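Hi,

Here is the structure I said I would pass on to you. Have it open while you read, and then go through my notes below.

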Amino acid sequence: MFEPKRLHPIVIVLNIGKRIKDLIFTFIALFFIWSKGELLLAAAVTIVVISIIVMSILSWLRYTYRLEQNELRIEYGVFVRKKRYIPLERIQSLDITEGVLHRLFGMVKVQIETAGGSGTEEAEAVLSAISKEEADFIQEYVARAKNSSFQETAGEQEASNLYSIYKITPKQLILLSLTSGGVGVVISAVFATLSQLDDFLSFGRLFRGVEQFIVSNLIFIAVIVFFGFVLAWMIALIGTMLKYANFHVMKTEHDLVISQGLLERRQITIPLKRIQAITINENIVRQWLGYGAVFVESAGGSAKNQEGSKVLLLPLVKIENIESILKPYLTEYQWNTSFTRVPKRAMNRYMFRSWFILVPISVISLVFFKFWGLLSFIVLGLFAFWGLLKFKDAGWSVDQQQLTLRYRNIVRTTVLIKKNKVQTMEIKESYFQRRKGLGSLEAFVKVGFGGSGGRVIDMDRMM
């Protein structure tokens, strides 16, 4: 490990696939735009693909890494040689991922996050494909470098201090999949793909010939759409189960270690001292069932690796059990606090914010569409109910140097922030809020390359 080493050659395939994926829409655009000279187009595409293959091979050959003098030293670059030296004591976490292709070759991907980061969108360093043995050695070597009193038996001591905090059960995994919002992600991805293709294909011309068929077969189309949503839901269900299967949280002396995944296995390390806040999310279905999800807001991560700064700690847990699970290990946090709700005089403002756009739309719909316009009032009623929920859920608490904020957007969110972790706090008052003695409180902590926190609107200004 002290001599320069290359990554596994599978990196060449991964890089080729990534670069071709980035150019796929360009190739599609050229195919539809380039109406003449098919041979010339084929030659251009062939040259690009060959260039990608050659550059991927050269990038792999020129990329080396080694551990030397308490530093991880990486050298890379095809035409311009670059060197990056990372002091091991600055390394905050080593996140390990095993994709399907990695597992076929017994490799893992190691993503290295440091204190402060490099100021780029990427992580400080990524070893795209190394053996599990090398990844374990790097983890142990980093632990030694960060602990000057490390002894030969430290590995055994660390193992003896490894506590299991949470392990997902099959019942919880099924309930998690059934109550997740993954179906929305799948449907959004479909529409995003169609919107990209719409730049290259004229859907108006493509489907003009079937417009009459659609008009005369509305029931058939409705059935197709229904089954499409069912298929999207099933895809999301299976995807969630594969992603969170074998979800296990363990605690060492200084870190939380999270492992998850069936096809793609991941291991995320969260240094306890880097935790900035804890967030509890409850969508409306889970809230009715008494369940929620717990996230850890960490000072690690990068702009592209948002999961490095906001990590799912407990994917599904009974709200009443959160304290018993986490209190022994995160002792400084207060889990059961008494919330001060926003005053009743703020309810009209919550309702108004839910109505002010929809009321004119509902009136216009009633005028122009008569009976069918009445359906818009159903939507108005749903938004009024949502505004009432936002009012009832809004609250705050200060307990033993901890600020706790609760609010609702789509899901109900509870944010726990220790006083010494607060980066900024703002109190805002509009003219209309001052007339009712109200104000809004925002508190933010530093996470990754941005901020995170919470906001309670229209709380009592005297508080």
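Strands β11 and β17 run antiparallel, and 6 bridges join them. One spot to look for along this pairing is Glu282, which stands opposite Arg412 in β17. Keep in mind as you click around that this is a predicted model.

On to the other partner of β17. Strand β16 (residues 402–408) pairs with β17 in the antiparallel sense too, over 7 bridges. Tyr407 has Thr413 of β17 as its bridge partner. The two strands β16 and β17 make a hairpin, with 3 residues between them.

How many residues of β17 are buried? The strand covers residues 412–418, and 7 of its 7 residues are buried. You can also sort them by direction: Arg412, Thr414, Leu416 and Lys418 point one way, while Thr413, Val415 and Ile417 point the other way, and all are buried.

There's another hairpin worth a look, made by β1 and β2. Strand β1 (residues 64–68) has 4 of its 5 residues buried, so the rest of the structure largely encloses it. β1 pairs with strand β2 (residues 71–76) in the antiparallel sense, over 5 bridges. If you want one pair to find, take Tyr65, whose bridge partner in β2 is Ile74. The hairpin has 2 residues between its strands, and Gln69 takes a positive phi near 50 degrees there.

Now for the cores. In soluble globular proteins, nonpolar side chains tend to be buried together. Here, the largest nonpolar core has 34 residues, and Val294, Leu313 and Leu326 are the ones with the most contacts inside it. Several elements supply at least two residues each to this core, among them β7 (163–167), α6 (170–178), β12 (291–298) and α12 (322–326). Which strand gives the most to this core? That's β13, with 6 residues.

Try selecting Leu313. Leaving aside its neighbours within four places in sequence, Leu313 is in contact with Phe247, Val249, Leu256, Ile258, Val294, Phe295, Val296 and Leu326. There is also a second, separate core of 29 residues, which includes Ile12, Leu72, Leu127 and Ala135.

Two charged residues caught my eye as well. Asp95 sits in strand β4 (residues 91–98). Asp95 is buried yet has no salt bridge: the nearest side chain of opposite charge is Arg266, 5.1 Å away. What lies 3.2 Å from a polar atom of the Asp95 side chain? The backbone nitrogen of Thr269 does.

The other one is Lys251, in strand β8 (residues 248–251). Is Lys251 buried or exposed? Its relative accessible area is 11%, under the 20% cut-off, so Lys251 counts as buried. Lys251 and Leu162 are 89 residues apart along the chain, but their C-alpha atoms are separated by 5.6 Å.

Last, the overall picture. The chain has 16 helices and 20 strands. Of its 463 residues, 39% count as buried. Among contacts between residues at least 6 apart in sequence, 57% join residues at least 24 apart.

Have fun with it!

Notes:
Residues are numbered from 1 along each chain as its sequence is written. This is a predicted model: local features need pLDDT of at least 70, side-chain atom pairs count only at pLDDT 80 or more; totals for chains, interfaces and linings use all residues. Side-chain values use heavy atoms; hydrogens and water are left out. Buried means under 20% relative accessible area, exposed over 50%, partly exposed in between (1.4 Å probe, protein chains only). Lys and Arg count as positive and Asp and Glu as negative; His and the chain ends are not counted. A salt bridge is a side-chain nitrogen of Lys or Arg within 4 Å of a carboxyl oxygen of Asp or Glu. A polar contact is a pair of N or O atoms within 3.5 Å; within protein, one must be able to donate a hydrogen and the other to accept it, and residues adjacent in sequence count only if both atoms are side-chain atoms. A nonpolar core is a set of buried Ala, Val, Leu, Ile, Met, Phe, Trp, Tyr and Cys residues joined through side-chain atoms within 4.5 Å. Contact means heavy atoms within 4.5 Å. Two strands pair if DSSP finds at least two bridges between them.
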